[in-house]
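Please look at the sequence and the 3D structure together before reading on. The report below takes up a few helices, the places where they meet, and some single residues.

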Amino acid sequence: MAITKDVENGVGMHDAQGNEARQPLLIHQKESSADSQGSIWMVLLSTAVVVCGSFEFGSCVGYSAPTQSGITKDIGLSLSEYSVFGSILTIGAMIGAVTSGHLADFIGRKGAMRVSAVICIIGWLAIYFAKGAVLLYFGRISSGYGIGVLSYVVPVFIAEIAPKNLRGGLATLNQLLICGGHSVAFVIGTLVTWRTLVLVESPRWLAKVGNQKEFTAALQKLRGEDADITQEAEEIQEYIEDLQTLPKAGIQDLFQSIYIRSVIVGVGLMVFQQIGGINGVGFYASKIFVSAGFSSGKLGTILMGSIQVPITIVGALLMDRSGRIPLLMVSASGTFIGCFITGTSFYLKAQGIYMEWVPTLALCGILVYVGAFSIGMGAVPWVIMSEVFPINIKGIGGSLVTLVNWFGSWAVSYAFNFLMSWSSAGTFFIFSAANAATIVFVAMVVPETKGRSLEEIQESLNSSK
């Protein structure tokens with residue numbers, strides 16, 4: 001009002017003109033801010049849709065923990081037959097992992113997710129209507145195939161559409177929804193019968209396959225209608241053009257010197273994630289608590305389900321602030337401590353001393369383990385896997401890493417019941433040693449990827465050689 005009055009009186013004309021000159025800039029900044037918010041919402045919406053697949057992943061993995069007694073009683077499965085039911089999910093997932101990279105490259109990320117969703121539905125229906133072991137196995141292996149594809153496609157899709165300052169946090173939503181599905185299966189599975197428990201394109205991929213118009217449109221939509229995408233589009237296009245001068249990658253190409261560090265990092269993290277024991281604990285939580293002296297596993301599984309989601313949220317919030325490496329180090333240290341406490345509780349039970357402490361120690365150890373895993377080792381390996389491979393080998397490299405993860409999951413989940421029969425304490429001390437080795441591997445081998453574009457990460461990995 002004062003400026004208007006001065007202009008009308010012929011005073012302070014310079015200020016008025018200065019403000020008039022700044023008006024278009026201010027308007028443009030407001031429009032850019034609003035457009036930026038709109039583009040972020042588009043990224044968030046796309047992420048929210050695809051992580052529904054992560055929820056399905058978690059539900060499938062968590063299904064066998066609370067349903068063991070019900071299924072073995074109703075269907076009449078032996079211990080070894082139920083071990084097959086629990087672990088055969090990972091066989092299907094390994095098959096899904098082998099095909100996931102080629103499938104995602106051929107029909108696109110969204111197409112691959114659609115296929116996996118249909119197969120998962122078929123699997124759940126087979127389990128629901130099962131009257132014997134054969135249909136149970138078919139349903140479980142079908143669901144496994146679906147989540148094997150999803151376990152690769154979801155984190156890769158998120159990493160490719162997210163801006164670099166949000167990529168870590170958004171990619172962690174994959175693990176958050178896995179934990180959410182896991183928790184829902186744990187909690188609801190203790191309250192209902194096992195049958196009742198049964199009852200959404202990446203611009204980089206478009207650029208790679210040569211859809212220039214669709215590539216530009218997708219990137220513009222994700223960054224905002226008025227956002228200047230020229231530099232980002234040029235960086236992606238230049239990077240892909242360089243990659244296209246290389247011959248088509250095969251499995252043998254992964255072991256060339258230019259890619260070997262990416263393979264070591266990706267495969268190594270998945271190996272250590274699995275041999276740390278997460279799928280043994282996740283698949284057979286109920287049995288662990290009963291073995292420790294609880295009358296049933298309900299309390300323990302409910303507590304496990306209750307802590308996973310909030311702790312994973314904390315990890316997601318810290319991912320792009322603290323970085324990947326600190327989260328991995330804290331997480332691996334916590335899983336080491338949790339397994340050591342649990343192993344100690346079973347050792348005391350075997351020796352017949354401090355028996356009144358055994359259930360409490362076992363429960364505390366498992367909760368420490370699950371909480372520590374949820375904050376880092378659950379999500380970060382998948383985030384880093386989606387970041388370290390260049391796009392020309394992302395399909396074959398991601399398939400290899402996912403296959404290794406699911407093979408490790410199968411080996412641990414199948415062997416877990418037999419290991420517990422051999423020595424409950426020894427089982428958890430082995431897991432504890434594996435988690436200690438994880439700390440060394442992360443400290444010596446794994447690169448920090450926080451705040452870097454996917455192209456910058458590749459440049460860094462290549463220059464470090």
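Helices here are DSSP runs of H or I with at least four residues, numbered from the N terminus. The model described is a predicted one.

## Helix 16 and the loop after it

Helix 16 is a good place to begin, because at 1.5 Å a residue its 28 residues should span 40 Å, and its end C-alpha atoms, which are 41 Å apart, agree with that value. The residue that follows helix 16 is Gly 352, and the phi of this glycine is positive, near 75 degrees.

In the loop between helix 16 and helix 17 lies Tyr 354. Most residues other than glycine have a negative phi. Tyr 354, however, is a residue other than glycine with a positive phi, near 50 degrees. Is its side buried or exposed, judged by a relative accessibility of 55%? Since exposed means over 50% relative accessible area, Tyr 354 counts as exposed at 55%.

## Helix 15 and Thr 312

Helix 15 covers residues 298-322, which makes 25 residues, and the distance from its first C-alpha to its last is 35 Å, close to the 36 Å expected at 1.5 Å a residue. Its buried residues are Gly 300, Thr 301, Met 304, Gly 305, Gln 308, Thr 312, Gly 315, Ala 316 and Met 319. After helix 15 comes Gly 323, which has a positive phi near 100 degrees.

Thr 312 is placed in helix 15, and with a relative accessible area of 0% it is buried. What lies around Thr 312, once its neighbours within four places in sequence are left aside? The residues in contact with Thr 312 are then Thr 172, Gln 175, Leu 176, Cys 179 and Ser 374. Within helix 15 itself, a polar atom of the side chain of Thr 312 lies 2.7 Å from the backbone oxygen of Gln 308.

## Helix 20 and its cover

Helix 20, made of residues 424-445, has 22 residues and reaches 32 Å from its first C-alpha to its last, close to the 32 Å expected at 1.5 Å a residue. Among the residues of helix 20 that are buried are Ser 424, Ala 425, Gly 426, Thr 427, Phe 428 and Phe 431, and further along Asn 435, Thr 438, Phe 441 and Val 442. The cover over the buried residues of helix 20 includes helix 12 (260-275), helix 13 (278-283), helix 14 (285-291), helix 16 (324-351), helix 17 (358-377) and helix 19 (391-422).

One of these covering elements, helix 12, packs against helix 20 at an angle of about 160 degrees, with the axes 9 Å apart. Because angles over 145 degrees count as roughly antiparallel, helix 12 and helix 20 are roughly antiparallel to each other. Helix 12 contributes Arg 261, Ile 264, Val 265, Gly 268, Leu 269, Phe 272 and Ile 275 to the contact, while helix 20 contributes Phe 431, Ala 434, Ala 437, Thr 438, Phe 441, Val 442 and Val 445. The crossing of helix 12 past helix 20 is left-handed.

## Asn 279 in helix 13

Helix 13, which is also part of the cover over helix 20, holds Asn 279. At 9% relative accessibility, Asn 279 counts as buried. The side chains of Asn 279 and Gln 274 are joined by a polar contact of 2.6 Å. Apart from residues up to four places away in sequence, Asn 279 touches Val 61, Gln 274, Ser 409, Val 412 and Ser 413.

## Helices 3, 5 and 6

Helix 3 (residues 52-62) and helix 6 (residues 133-161) have axes that come within 9 Å and cross at roughly 140 degrees, and that angle makes helix 3 oblique to helix 6. On the side of helix 3 the contact is made by Gly 53, Ser 54, Glu 56, Phe 57, Cys 60 and Val 61, and on the side of helix 6 by Arg 140, Ser 143, Ile 147, Leu 150, Ser 151 and Val 154. The crossing of these two helices is left-handed.

Thr 99 belongs to helix 5 (residues 79-128) and counts as partly exposed, at 29% relative accessibility. Although Thr 99 and Tyr 145 are 46 residues apart along the chain, their C-alpha atoms are separated by 9.4 Å. With neighbours within four places in sequence left aside, Thr 99 is in contact with Tyr 145 and Val 149.

Definitions and conventions:
Residues numbered from 1 in each chain as written. Predicted model: local features only at pLDDT ≥ 70, side-chain atom pairs only at ≥ 80, totals over all residues. Heavy atoms only, no water. Expected span 1.5 Å × (residues − 1). Buried < 20%, exposed > 50% of the residue type's maximum accessible area, 1.4 Å probe, protein only. Contact = heavy atoms within 4.5 Å. Polar contact = N/O pair within 3.5 Å; in protein donor to acceptor, adjacent residues only side chain to side chain. Axes fitted to C-alpha atoms, helices over the stretch in contact; angles between N-to-C directions. Parallel < 35°, antiparallel > 145°, perpendicular 65-115°, else oblique. Left-handed = near helix turned anticlockwise from the far one by under 90°.
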